[in-house]
Structure formats: C-alpha cells, structure tokens
Amino acid sequence: MTEKIHWADQIAHDVKERVQSDDTLKKIVRKHGYIVLDEKTPSGTIHIGSGRGWVIHDAIAKAMRDVNMKGRFILSSDDMDPMDKLPAYLDKSYESYMGMPFRNIPSPVEGYQSYADYYFMQCVEKFEEWGIQAEIESTGRLYESGAFNESIKTILNNSHLVKNIFERIYEKPYDKVPFNPICEKCGKIGTTLATKWDAEKECISYRCEKNLVTWAEGCGHEGTISPYNGNGKLPWKVEWAAKWISLGVVCEYAGKDHFTKKGSRDVAIAISHEVLNFPPPHPSTATAIGQGYEFFTVGGKKMSTSKGQGVGFADISAVLPPRILRYLLIRTRIQAAVDFDPHRPNDVILLFDRFDKTERIYFGKEKEENEMDRESQKRIYELSHIGELPKKMPVQIPLSLAANTIQVGLSEQGAIKILQTLGHMPQDLTGIDLHHAIERLRDAQQWITHFATDEYKFTIQDSPPHLDASPSLKTALREIPNLVRKFKDEKQLHNAFYEMCTERSIDMKDFFRTAYQVLLNKEKGPRLAAFLIMLGDEKVSRLFSQL
Ligand SMILES: [Zn+2]
C-alpha cells in the first residue's frame, strides 16, 4: 500500500485503486467521474459539525483533481425527509407542517422556495468563503427527475431481501413495504404506511395513519399511487444505498455514529450489495463498514440541529475566520476529534500561530528539517488555502500582536501605523499585503470583542492615576519616558529597566506591576518594553512624567 503524506491524498489514492479493481466502478467513473457524495437533512439551522464533513469531502475531491482524477463533490439536500421535530426557534404555526417533506414546507424567511431551501442555502451561500467547491443537489429533485425509479423498482420487487437484511441486522421482525408515499390528500410523508406493492401495475397502496408516529397525525386517506418521479421516498437507510447506485458514488464518509455495527451504514451497505448489486462506496466495502470521521465539538459539546444547540455553520465565521477553521480541519486526521473553544485563549492564539508557521514553511521562510513534516505542512497549506495560492508570502502579524496593536492604535489605520513604526511591516504597504494586514487586525478585533479573556483586553488610561507607591519607585517610573526615548529595541529597553531597578534596589515585580497600573489600570499586561515602544513617546510621557 502506498503511504501518502496527507489523508486526502491517501483517500484519493485508495479510491482509485478500488475503482481500478472493479469493472462496474471503472465504467461508472469513465462516464461520471469520481463522485464524492455528502448529504444533509435541512431540518433547521445546520451546525458546524456538518461543516467538517463538507470540508473533508471537498478536500478529497480536490486531492483527486490534483492527480488528474475527475473528482466531483456532490452535496445533496435531503429535502424529502419529513419534519419530525419543531426547532425551538420556530413559530408554533409550523406545527401544522409536521410530517411533511421539508421541500414542501414554506420558508420561514421570504425569498426562498421552501423551508429546506432556506436552511440549506444558509450554508451553501457560505461555500465560496470556505473554499468549498460542491455541486448542489436536492434529493427531492432527484426523485422527481426519476433518477431513483429503477432502484425503487428493484427494491420493491425484492422486498423479501430487504426484509431479510433488516431482520438479520436488527434481530426483530420486519414486515414493511419499504416505501413512504406522500399522502395525496394531506401532503404528509411521515404518516403514510405502504400496505402493498403491485409489481405488475407498479403501484403502491397506502394508508395515511392517525397514530403511526407520535410527532405527526395522518388524515386517514387511503390511496394507490405510482412510487416513481417524486410521489414518495425510500426509508432513509435504503435510500442511502439507492443514492449510491443512482448517482454512481465511489466515496462517501459520514460521522462515526453512522458507522457502528447495526448502524445506518451497515444496513445501507447490505442493501447496496445484496439488493442493488452495487459496491458500497469507500471507506466501506461489501464486507467491511470502514470508519467514519470523528466529531467536531465546540467547547466539548456535540451539537444538534433539532435542539437548536451549538454554533451554526453559517454563523461560525463570527467565531473563527473560515480560512483558519478550514486549516484546522485539513490539518487534523479525520479519525481524530476536533474540539475548539473560542473562549480558550490558547485554542485561538495557537491555531493562528500554527497557521502562520505552516505558511512560512510553505514559502520556505521557516526551516523544517524533517522532510516528511515539511512536505506535510506544505500539502496542508495547499489543501486548506482558499482561492488561488499566492506567489509570495503574505505579510504576517501574530494574532496576539495584532490584538495589542489594534487596542493601542484604536483603529486599523492606527494599528498599521504602529506596526510600521515597530518595523514589523514595510512603510509602503499596498495591495494584497495591506489586505492581509487588515484581515488579521479584523480577526484580532473580533476575538477581542467577543471571546478573549480579560487577560488580553485592555484600555490605555488617559491620565496618570493616584499612586500609592514609595518615592523611589515613583522616581524610577518617572524615568520610563527617558528610557523609551533612548532605547527603541525591546531587549535593550528591558535591560535598561533591569539595570535601573538593580541599581536603586527596586523590586522588579513591583516596578512592572505599578507600570501596568499606570498604563492600563491592571496588574498585568502585554510584555512591558515592547508595549511601551508600541505606545510611543507622547503617550508614555503623558502617563509617566508627572507621577
Ligand atoms: Zn394524509
């Protein structure tokens, strides 16, 4: 087995090998390309956990295209699924739609075709920002187009095989006709019970039951209907398999909870292999389930769409910029859990710092002696980069420095001026470099405003406070403006403080603590020497010379 440096390349490679050893798959790929599928029920606000799957599938399709495989990521909205829970944030009037397919429920916001359309588009509209390239599909539209007709027929004609699979896996009787028609009278799909399949006329008889499910009430209608062209849907574990053969899917991951023994993937694999005669997509085979991806949690909590918990995919950019979050997801092996808490300073600062380091390694500005690590970092940068890769390294400002300067400078322009004075950035900053600098300053501002702990937040005082300090300490503090004027280098200035305190027998800790009190009305702050240089002569003088 060939070992690839990045998981996305490894998966692309494994899928290719698999396809080459299977004539059915070879034929499909020649016709449709390598289809990587993901799907999502638009039952409400879609949380960031789903975003992990989308980035994974996007990266796999990209890795495929990088080695001239025709990788295509298709994301399908499972909009034929019935509404079975009312999200807490929705108006109670939506209760009357319980049991109806999401695509037939009106949008809570004007301008969208349906409920499904609204919640799905909230995410899809962000894909460009996230660098996700996906072909967007609607499962309902696929049903309507007849794409599933053949699979529906095979499944209904072989419902004894479906029965065997369910009974074997779940060890309890299964006597359903595996199809859910949409009731012609009340429009609900969650309440119908198919009672008979007439293989000759190709018709399904059904009843719309009052008490089939607890979350919706049927109208009692009885009817006979064709199962084709969008008149209903397959139960979802069966539908999953039908999608694979109907679309020609060769790769599809899902959260690890689906990949357990007796889980949904287990059933779908059996249906695909035994009923539809189609090899289940990577990472599954006819005989092995494979492994799904680990959860993405925020602050240790797994999020649920229906409970309205957690961070929505569409809102996550308020927590972390997409390029940084994408980097986090690309650099993490898919079987490793990702937990991110924007309130933990280390999570945020370290993540930005790691991103910057990866960027420096990519552009050869930082040495990484280990060749494997170097190549791995470069590949992570390529796969996580959004848009065209830059020719030269963008200007970098570490997040903590950006946070300090934006608080001292009080505006982006002010902060840039400080960074230029410090020699951190060239004076003639233009175009893309200016864009990158402003981007990082905005990230810092966002973090400071919403998530940073007090330790990182400060306000420069306007006038010197009344100090309860010894005369010798006060005299030393009054020396600060002179030293700042004399030493423009952090290390030299720090040494000057040290020497002064030693000569005058002043406790260094007291000196620092009191200086922060004067500057910020706090006992701690950013590294003092660098901070004073950043503040500039005038402010330092105003605060310290008259103590
Ligand atoms: Zn009905």
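Contact, in this talk, means heavy atoms within 4.5 Å. With that settled, good morning, colleagues. The structure before you is a predicted model, and I shall take you through it part by part.

I begin with helix 15, which covers residues 412–421. Its buried residues are Gly414, Ala415, Ile416, Ile418, Leu419 and Gln420. Against which elements do the buried residues of helix 15 pack? They pack against helix 14 (399–409), helix 16 (431–450) and helix 21 (528–535). After helix 15 comes Gly423, which has a positive phi, near 80°.

Helix 4, residues 115–124, offers a second case of this kind. This helix is mostly covered, with seven of its 10 residues buried. Those residues are Tyr115, Ala116, Tyr118, Tyr119, Phe120, Cys123 and Val124. Their packing partners include three helical or strand elements that I would ask you to locate on the screen: strand 1 (34–40), helix 3 (48–66) and strand 2 (71–77). Helix 5 (127–130) and strand 3 (135–138) also pack against the buried residues of helix 4.

Helix 3 brings us to a single residue, Ile60, which is found in that helix. Is Ile60 buried or exposed? Its relative accessible area is 0%, so Ile60 is buried. Leaving out residues up to four places away in sequence, Ile60 touches Trp7, Ala8, Ile11, Ala12, Val36, Cys251 and Tyr253. Arg207, by contrast, is 147 residues from Ile60 in sequence, and the two C-alpha atoms lie 44 Å apart in space.

I turn now to the zinc ion. Which residues provide the protein donors of the zinc ion? They are Cys183, Cys186, Cys208 and Cys219, each through its SG atom, at 2.2 to 2.3 Å from the ion. Along the chain, these donors follow the spacing C-x2-C-x21-C-x10-C. The angles among the four donor atoms run from 103 to 114°, and the site is tetrahedral. For comparison, the ideal angle for four tetrahedral donors at a metal is 109.5 degrees. Two of the donors may be described further. Cys183 has a relative accessibility of 2% and therefore counts as buried. Cys186, with a relative accessible area of 25%, is partly exposed.

The next item is a pair of helices. Helix 7 (residues 149–157) and helix 8 (residues 159–170) pack at an angle of about 75°, and their axes are 4 Å apart. Helix 7 is therefore roughly perpendicular to helix 8. At their contact, Ile155, Leu156 and Asn157 from helix 7 meet Ser159, His160 and Val162 from helix 8. The residues of this contact comprise three nonpolar, three polar and no charged.

Let me now consider the backbone. Most residues other than glycine have a negative phi, and most peptide bonds are trans. Where does this model depart from that pattern? One place is the peptide bond from His282 to Pro283, which is cis, with omega near 10°. Pro283 lies in the loop between helix 10 (264–275) and strand 10 (296–298). Asn277 also lies in the loop between helix 10 and strand 10. Although Asn277 is not a glycine, its phi is positive, about 60°. Asn277 is exposed, with a relative accessible area of 63%.

Another asparagine calls for mention here. Asn521 has a phi near 55°, a positive value in a residue other than glycine. Asn521 sits in the loop between helix 20 (508–520) and helix 21. With a relative accessible area of 56%, Asn521 is exposed.

I close with two further loop residues. Glu388 is placed in the loop between helix 13 (371–384) and helix 14. Its relative accessible area is 70%, so Glu388 is exposed. Glu388 and Asp79 are 309 residues apart in sequence, and their C-alpha atoms are 33 Å apart in space.

Lys457, the last residue, is found in the loop between helix 16 and helix 17 (471–478). How does Lys457 count in terms of relative accessibility? At 28%, Lys457 counts as partly exposed. Setting aside neighbours within four places in sequence, Lys457 is in contact with Gln407, Ile448, Ala452 and Lys522. Pro82 is 375 residues from Lys457 along the chain, and 47 Å separates their C-alpha atoms.

That concludes the presentation. Thank you for your attention.

Technical notes
Residues numbered from 1 in each chain as written. Predicted model: local features only at pLDDT ≥ 70, side-chain atom pairs only at ≥ 80, totals over all residues. Heavy atoms only, no water. Donors = N, O, S within 2.8 Å, 3.2 Å for Na, K, Ca; no water. Tetrahedral: all angles 85-135°; square planar, octahedral: opposite > 155°, others 65-115°. Buried < 20%, exposed > 50% of the residue type's maximum accessible area, 1.4 Å probe, protein only. Axes fitted to C-alpha atoms, helices over the stretch in contact; angles between N-to-C directions. Helix = DSSP H or I, 4+ residues; strand = E, 2+ residues; numbered from the N terminus. Parallel < 35°, antiparallel > 145°, perpendicular 65-115°, else oblique. Nonpolar A, V, L, I, M, F, W, Y, C, P; charged D, E, K, R; others polar.
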